[in-house]
Amino acid sequence: ANPELVTNEVGFVINPNDYQTMVDCINKILKNGKEEYSENCIKRAHLLFNKSKQFNQYFQLYSNLLNK
């Protein structure tokens, strides 16, 4: 996953071939319960990817491009 998007509250970013860290992260998820991460993912998605906000950002981008 993209490190800029994934925080410890919603998941983990693991270097390729780092199997021990992968096992540690899986065990942590099993210990905490995936529901904790699922709820945090939903909250983060709503915070960062609000449909109205995204629409306005795209509208502004296209407006700027058309006015050049």
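Is C25 buried or exposed in this structure? At 12% relative accessibility, C25 counts as buried, since the cut-off for buried is under 20%. Keep in mind for every view below that this is a predicted model.

**View 1. Two cysteines, C25 and C41, that do not pair up.**
Start with the sulfur atoms. A disulfide is a covalent bond between the sulfur atoms of two cysteines. Here the count of disulfides is zero. Why is the sulfur of C25 not bonded to the closest cysteine sulfur? That closest sulfur sits in C41, 14 Å away, which is too far for a bond. Look from the other end and you get the matching story: C41 is in no disulfide, and its nearest cysteine sulfur is that of C25. As for surroundings, C25 is buried, whereas C41 counts as partly exposed at 34% relative accessibility.

**View 2. Helices α1 and α2 crossing each other.**
Two packed helices are described by the angle between their axes and the distance between the axes. In this view, α1 covers residues 19–32 and α2 covers residues 34–48. Their angle is about 95°, and the axes are 6 Å apart. So α1 and α2 are roughly perpendicular to each other, because angles of 65 to 115 degrees get that label. Which residues make the contact? From α1 come K28, I29 and N32, and from α2 come K34, E36 and Y37. Sort the residues of this contact by type and you find three charged, two nonpolar and one polar.

**View 3. Y37, a buried tyrosine in helix α2.**
Now zoom in on Y37, which belongs to helix α2. With 6% relative accessibility, Y37 counts as buried. Who does Y37 touch, once its neighbours within four places in sequence are left aside? The answer is N8, E9, V10, G11, F12, K28, I29 and N32. With N32 there is a polar contact too, side chain to side chain, at 2.9 Å. For a sense of scale, find Q20: its C-alpha is 21 Å from that of Y37, with their positions 17 residues apart in sequence.

**View 4. N17 and its positive phi.**
Most residues other than glycine have a negative phi, and most peptide bonds are trans. N17 isn't a glycine, yet its phi is positive, at about 70°. You'll find N17 in the segment before α1. N17 counts as exposed, at 61% relative accessibility.

**View 5. N50 and its links to S52 and K53.**
Next stop is the loop between α2 and α3, where N50 lies. A polar atom of the N50 side chain is 2.9 Å from the backbone nitrogen of S52. The backbone nitrogen of K53 also lies 2.9 Å from a polar atom of that N50 side chain. N50 itself is partly exposed, with 35% relative accessibility. Measure out to I26, 24 residues away in sequence, and the C-alpha atoms are 29 Å apart.

**View 6. A45 and K68, two spots to compare with places elsewhere along the chain.**
A45 is in helix α2 and is partly exposed, with a relative accessible area of 33%. The C-alpha atoms of A45 and L5 are separated by 9.7 Å, although these residues are 40 apart along the chain. K68 is in the segment after α3 (51–66). With a relative accessible area of 81%, K68 is exposed. From K68 to Y19 it's 49 residues in sequence and 49 Å in space, C-alpha to C-alpha.

Key: Residues are numbered from 1 along each chain as its sequence is written. This is a predicted model: local features need pLDDT of at least 70, side-chain atom pairs count only at pLDDT 80 or more; totals for chains, interfaces and linings use all residues. Side-chain values use heavy atoms; hydrogens and water are left out. Axes are lines fitted to C-alpha atoms, for helices over the stretch in contact, and angles run from 0 to 180 degrees between N-to-C directions. Helices (H or I, at least four residues) and strands (E, at least two) are DSSP runs, numbered from the N terminus. Angles under 35 degrees count as roughly parallel, over 145 as roughly antiparallel, 65 to 115 as roughly perpendicular and the rest as oblique. Contact means heavy atoms within 4.5 Å. Ala, Val, Leu, Ile, Met, Phe, Trp, Tyr, Cys and Pro count as nonpolar, Asp, Glu, Lys and Arg as charged, and the others, Gly among them, as polar. Buried means under 20% relative accessible area, exposed over 50%, partly exposed in between (1.4 Å probe, protein chains only). A polar contact is a pair of N or O atoms within 3.5 Å; within protein, one must be able to donate a hydrogen and the other to accept it, and residues adjacent in sequence count only if both atoms are side-chain atoms. A disulfide is a pair of cysteine sulfur atoms within 2.5 Å.
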